[in-house]
Amino acid sequence: MLKYAPGRTRLFSFKEPMMNSTVKGGWRRSARAGVWVAISLVGASALGAVALRRDEPINAMWIIVASVCVYMVAYRFYSRFIALKVVQLDDTRATPAERLDDGRDFVPTNKWILLGHHFAAIAGPGPLVGPTLAAQLGYLPGTLWLIIGAVLGGCVQDFVILFASMRRNGKSLGQIAKDEVGPIAGFTALCAIISILVILLAVIALVITNALKASPWGTFTLAMTIPIALLMGVYLRFLRPGKVLETSILGFVLVMAAVVGGQYIAQVPGLASLFTFDARHLAWMIIAYGFAASVLPVWLLLAPRDYLSTFIKLGTIFLLALGILAVRPTLAMPALSRFIDGTGPVFSGKIFPFAFITIACGAISGFHALIASGTTPKLITRESQARLIGYGSMLMESFVGIMAMIAACVLQPGIYFAINSPAGIVGADPAVATATISSWGYPVTPADMQTLTNQVGEQTMFSRTGGAPSLAVGMAHIFSRTLGGHAFTAIWYHFAIMFEALFILTVLDAGSRVGRFLLQDLLGHIWKPLGRTSWYPSVILTSLLIVAAWGYFLYQGVMDPLGGINSLWPLFGIANQLLAVVALCIATSILIKMNKARYVWVTILPMIWLVLATQTAGYQKVFHSDPRIGFLAEAGRLETMIAEGSVPAGQIATVQRQIFNNRLDAAVTGLFAVMILVILVDCARQWIAILSRRQLPVLCEAEYQRTAFTHD
Amino acid sequence: MEIIRKWWKMLGQVMGEGEYARYCEHLRAKHPEKRIPSAGEFWVSRLNEKYSRPNRCC
């Protein structure tokens with residue numbers, strides 16, 4: 001590592017500093033270059049094999065090798081280019097953690113620990129569910145977008161926003177938007193954040209509702225995590241304050257006992273009926289839970305559940321990677337399915353734009369910008385570490401997405417479609433559903449489904465939309481081939497369901513609470529007392545508002561005959577990419593103000609791509625003439641049905657509510673499109689003004705202060 | 001064994017263990033006049049802060 005050299009203004013402590021020019025150094029340098037050439041070649045040929053082989057099913061290892069090589073090359077070269085040339089990380093500059101060290105929020109932290117911390121914060125259910133849904137197009141579109149989108153888009157966004165926040169004492173994205181662009185951008189960013197939260201919470205709540213309906217085993221396990229979390233909360237608060245790891249292990253053991261015990265609950269009819277609910281009741285329970293978690297003391301329920309889910313999340317992701325490497329499964333899904341024509345049962349619409357909307361997390365996720373401008377920038381010891389933590393952790397999340405894609409594609413396509421197609425499309429009767437799916441060219445029989453249902457210990461596996469059940473089947477498939485064999489498939493399946501449901505609930509209660517704080521912040525501008533976070537009337541009111549907002553969309557999804565995922569998941573994708581556009585716009589503004597206009601393509605190209613994808617998707621979701629894609633076309637179709645009298649009198653109210661919901665979804669999509677345009681115009685106005693020298697570029701960075709740390 | 005212990009400690013720190021000890025150390029070194037909160041008090045105030053801003057992503 002480079003030694004501390006007084007007198008130099010820019011100093012890097014990367015592992016590969018400018019080499020000295022001795023003979024030995026030159027030799028080493030070419031050896032190192034050879035290694036990178038080899039990695040690039042292996043990666044390119046693996047990627048070629050993934051993209052071009054059509055004659056026979058490919059092994060998952062091709063995808064693993066291709067993605068890992070691309071990640072390595074991208075990290076080594078592209079992130080280094082951004083670090084050195086674009087944002088110019090400066091290790092002589094003291095970071096906020098050093099300057100403002102208060103022992104709590106601002107603390108210089110070991111970079112590997114911070115990497116784990118940051119990764120645990122950004123990785124959630126998104127990179128697992130999105131690729132599972134996108135697998136309906138075949139493995140290729142999703143895989144390529146996960147890899148390319150991450151290295152050129154998602155990682156760049158996370159890295160640059162982390163850098164920007166680190167230079168501004170850990171300010172939030174909304175605050176940076178306000179300071180660097182203006183009040184309009186700041187306000188739009190805040191609105192975007194609240195609306196993405198609402199849609200996000202609704203759609204992930206829908207995912208667990210669909211995973212738990214008519215599943216006493218899964219419901220029992222998840223229900224048990226609540227008393228387990230309460231127990232952990234009391235233990236952490238009164239018995240062993242702060243002993244997170246031992247408490248998490250205690251909780252983990254109890255949760256595993258609940259997973260195994262759930263099997264007996266499911267087998268005893270009297271007990272099973274206690275934990276068997278339909279989607280509507282589950283939705284109400286989840287809504288009530290979200291409200292409770294948002295107003296109860298954090299230490300009692302929210303925090304212990306978060307620790308438990310972080311612990312299980314890190315462990316399971318690691319286990320899944322080991323499992324895939326040990327089993328090296330063959331992908332049963334074709335590279336491109338017939339549904340690239342836009343008629344798929346899981347979600348409707350063509351590859352462009354819908355593959356890029358369906359997979360947000362894992363490729364590029366705007367929500368990460370909130371994490372990268374939150375806790376993490378206050379903990380970085382040296383500026384150069386932002387590269388590992390910002391760029392590197394997003395590569396890890398992209399890899400999680402790749403693993404989810406593999407887990408979805410190891411299933412026979414017929415089984416994948418039987419699990420993921422809503423009953424409204426393939427029919428509720430097993431014989432009809434399997435016949436429809438087989439007629440698409442993906443053979444499956446009712447007997448296959450019965451075998452699967454018995455193996456995983458469920459009541460039915462038909463139309464379990466939302467991605468979680470099929471991902472769990474894929475994970476159980478991989479795990480049971482490593483450990484335990486078929487006898488353990490049911491346990492593994494329910495472990496996987498518990499794993500997904502656990503951290504979906506964590507996002508749900510943490511999100512409801514954060515949403516409440518954001519809303520209080522916003523409403524506090526209108527009437528001061530509403531902004532007081534410890535004033536109970538305001539706490540209850542804002543919590544109710546947030547929970548009612550996502551609860552409404554959740555309930556609408558539950559009532560939707562097409563399963564709800566078809567309408568809500570694209571909305572979530574658009575909202576998440578909207579936030580990414582906001583983040584990349586702000587990043588571009590900062591680069592221009594830093595006098596780096598010649599490198600502005602680094603942030604502007606992914607931004608243009610996202611604007612194209614979200615605007616096209618938004619336009620199609622609102623105006624497309626196919627009722628399965630366009631909200632307005634669907635509302636029109638239902639209206640015609642009522643007018644023609646083909647709706648039974650008892651159903652008219654339900655159908656009218658569907659008409660209203662479709663129009664509401666259209667309005668929300670339109671609102672997102674308008675927000676994107678507002679932020680774009682507001683930023684572009686500023687870029688032009690600065691580039692044509694009509695406006696002085698004023699950066700709001702914290703002042704330079706030389707670090708007192710010596711090099712390690 | 002040493003390696004396991006080291007990884008164990010790291011995992012604990014990733015999950016946020018040792019924050020209280022660090023805070024006490026900071027107070028003793030920089031602000032000896034301030035009262036050191038009890039472990040339970042610190043825990044509650046720390047969590048309240050942590051969960052009032054976006055800290056978990058999709």
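In this predicted model, the C-alpha centres of domain 1 and domain 2 of chain A sit 27 Å apart. Domain 1 runs over 31–86, while domain 2 is pieced together from 87–214 + 277–326 + 354–691. Where the two meet, domain 1 of chain A puts in 17 residues and domain 2 of chain A puts in 23 residues. On the domain 1 side, α1 (23–52) and α2 (60–86) of chain A each give at least two residues, and α2(A) has the largest share with 15 residues.

Chain A also touches chain B, using 46 residues of chain A and 28 residues of chain B. Several helices of chain A give two or more residues to that side, including α8 (183–212), α13 (302–327) and α22 (489–524). The largest share, 7 residues, belongs to α4(A).

Here's how those two contact sides of chain A break down by class:

| Side | Nonpolar | Polar | Charged |
|---|---|---|---|
| Domain 1 of chain A, touching domain 2 of chain A | 14 residues | 2 residues | 1 residue |
| Chain A, touching chain B | 28 residues | 14 residues | 4 residues |

Now for the inside. The largest nonpolar core has 243 residues, and A202(A), I204(A) and L578(A) are among those with the most contacts inside it. Its largest share, 21 residues, comes from α8(A). Both domain 1 and domain 2 of chain A feed at least three residues into this core. There's also a second, separate core of 5 residues, with F631(A) and A666(A) among them.

Back to I204(A): skipping neighbours within four places in sequence, I204(A) is in contact with P125(A), I504(A), V507(A) and L508(A), plus C58(B) from the other chain.

Notes
Residues numbered from 1 in each chain as written. Chains lettered and ligands numbered in written order. Predicted model: local features only at pLDDT ≥ 70, side-chain atom pairs only at ≥ 80, totals over all residues. Contact = placed C-beta atoms within 7 Å. Helix = DSSP H or I, 4+ residues; strand = E, 2+ residues; numbered from the N terminus. Nonpolar A, V, L, I, M, F, W, Y, C, P; charged D, E, K, R; others polar. Core = buried A, V, L, I, M, F, W, Y, C linked by C-beta atoms within 7 Å. Buried ≥ 20, exposed ≤ 12 C-beta atoms within 10 Å, placed from the backbone. Domains from an automatic or database assignment.
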